[in-house]
Amino acid sequence: MSTHKKPALHNAMWPGLVGKGPDSEPPIDLETMLDLTAAAEVNGVKFDGVDLFASAPHTDIDSTPDDLKKLADSVASRNLVVGSLVAPVWPPTGGGSSFGSEEDRKHYLTQVEKACKMGKTLKEIGIRKYGIIRVDTADSPSHWAENPAENTKKAAETLKAACDIAEGYGERLALEGEICWGAMHSWKAVVELLETVGRPKTLGYQADMAHSMLYTLGYNAPEARILPANFDWNDKATLMAAFKTLTDALRPWTIDFHVAQNDGTVHGTGSHDKTGRHCPVNDPNGKMDVVEVAGLWLRGADGQPTKAMQHICWDGCMFPNAMMLNPQTWNDILGTMIKVRDAHGWD
């Protein structure tokens, strides 16, 4: 039996798409991802819901109300609900740079509005009762570095406008911290951006354990490195101290949370600057005690659960299809999610 009932446990649908395609393996369709999620079970406990990627071929950002009703029926038929949505704010998916041209920023805000409208519609249908709209800056650290002060200012102005849009739909936005996004490529840059926007009730931080971990290593921002150079991963005390520095800075902004594992390596794909690759929850090369590190994000300085979000989600992008189609993969993930909730949840 699970120790706690909250937060709800969700699975991300976008690993069926991210890293897939013509130069890789075929995408895994949404129905299959839903089936895999619904089938997972550990000691009678199952996933409560899913978080969605608001882009074709999974959930088209231009879905009609009828399309979304069909989606809701499909999700509900598996005893699942919908939580957070990823807004497709990047140029290849119809968006644009948040610190680019006026046209770029207009496209960015159009995608934010479409995602917020989708979120509201799913609430009205009754399949979604919590969750945020996930965004980032949709541009690279290299472009940002051409004029750091001006580009951070532009990104903040775009995000302020995005907050106005979100509030009109009763939504909240969260920046997913990932080192491949300009003005978000270091933990200090993310804090500066969030503070510059200054809308904590509407714009917060989405902490993905795997991506956020790379902030401690200073990739794309050596000046913001927390762990010492040539760090020995067996030095747990130094590692946990670094995580504490990181989480103390970003936890007050955190309103959405991804349980994930990382092996400490980085790579770049296509237009992405260096970024992290999620690894299996039980990967022997994983650098984190997932349950212990999750506690630094989910518990405040007083040691009590922050209760800042109603659900937590697993994120494991770029797994091979053979691994993703293996039911045991999802039982292993669900088992870890349950351990995180048992350790840091509430009722």
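Helices, taken as DSSP runs of H or I with at least four residues, and strands, taken as DSSP runs of E with at least two, are numbered from the N terminus. The structure described here is a predicted model, in which local features need a pLDDT of at least 70 and side-chain atom pairs count only at pLDDT 80 or more, whereas totals for chains, interfaces and linings use all residues. Residues are numbered from 1 along each chain as its sequence is written, and side-chain values use heavy atoms, with hydrogens and water left out.

Helix α3, which spans residues 102-125, contains Leu-109. With a relative accessible area of 19%, Leu-109 is buried, a term that stands for under 20% relative accessible area, while exposed stands for over 50% and partly exposed for values in between, as found with a 1.4 Å probe and protein chains only. When neighbours within four places in sequence are left aside, Leu-109 is in contact with Thr-158, Ala-161, Ala-162 and Ile-165, where contact means heavy atoms within 4.5 Å. One of these partners, Thr-158, is 49 residues from Leu-109 in sequence, and the C-alpha atoms of the two residues are 7.5 Å apart in space.

Helix α3 also holds Arg-105, which takes part in two of the ion pairs described here. A salt bridge is a side-chain nitrogen of Lys or Arg within 4 Å of a carboxyl oxygen of Asp or Glu, and a search of the whole structure finds 19 of them. Arg-105 forms a salt bridge with Glu-102, and the closest N and O atoms of this pair are 3.2 Å apart. Because Arg-105 and Glu-102 are three residues apart in helix α3, about one helical turn separates them. The two residues have unlike surroundings, since Arg-105 counts as buried at 10% relative accessibility, whereas Glu-102 is exposed with a relative accessible area of 60%. Arg-105 forms a salt bridge with Glu-157 as well, again with closest N and O atoms 3.2 Å apart. This pair links distant parts of the chain, as Arg-105 lies in helix α3 and Glu-157 in helix α5 (residues 148-168), 52 residues apart. Glu-157 counts as partly exposed, at 37% relative accessibility. Elsewhere, Arg-134, Asp-136, Glu-176 and Glu-178 are joined into one network by salt bridges that share partners.

A further salt bridge is formed by Arg-78 with Glu-31, whose closest N and O atoms are 2.8 Å apart. Arg-78 lies in the loop between α2 (65-76) and β3 (81-86), and Glu-31 lies in helix α1 (residues 30-39), so the pair ties together parts that are 47 residues apart in sequence. Arg-78 is buried, with a relative accessible area of 15%, while Glu-31 is partly exposed, with a relative accessible area of 37%. Helix α1 also contains Thr-32, which counts as partly exposed at 24% relative accessibility. Thr-32 and Pro-305 are 273 residues apart along the chain, and 34 Å separates their C-alpha atoms.

Two packed helices are described by the angle between their axes and the distance between the axes. Helix α8 (residues 236-250) and helix α9 (residues 290-298) pack at an angle of about 25°, with their axes 9 Å apart. This angle makes α8 roughly parallel to α9, since angles under 35 degrees count as roughly parallel, those over 145 as roughly antiparallel, those from 65 to 115 as roughly perpendicular and the rest as oblique. The axes are lines fitted to C-alpha atoms, for helices over the stretch in contact, and the angles run from 0 to 180 degrees between N-to-C directions. On the side of α8 the contact is made by Lys-236, Met-240, Phe-243, Lys-244, Leu-246, Thr-247 and Leu-250, and on the side of α9 by Glu-292, Val-293, Leu-296 and Trp-297. 

Several backbone features complete the description. A cis peptide bond, with omega about 0°, joins Lys-6 and Pro-7, and Pro-7 lies in the segment before β1 (8-12). A cis peptide bond also joins Ala-56 and Pro-57, with omega about 10°, and Pro-57 lies in the loop between β2 (49-53) and α2. Asn-220, a residue other than glycine, has a positive phi near 70° and lies in the loop between α7 (209-213) and α8.
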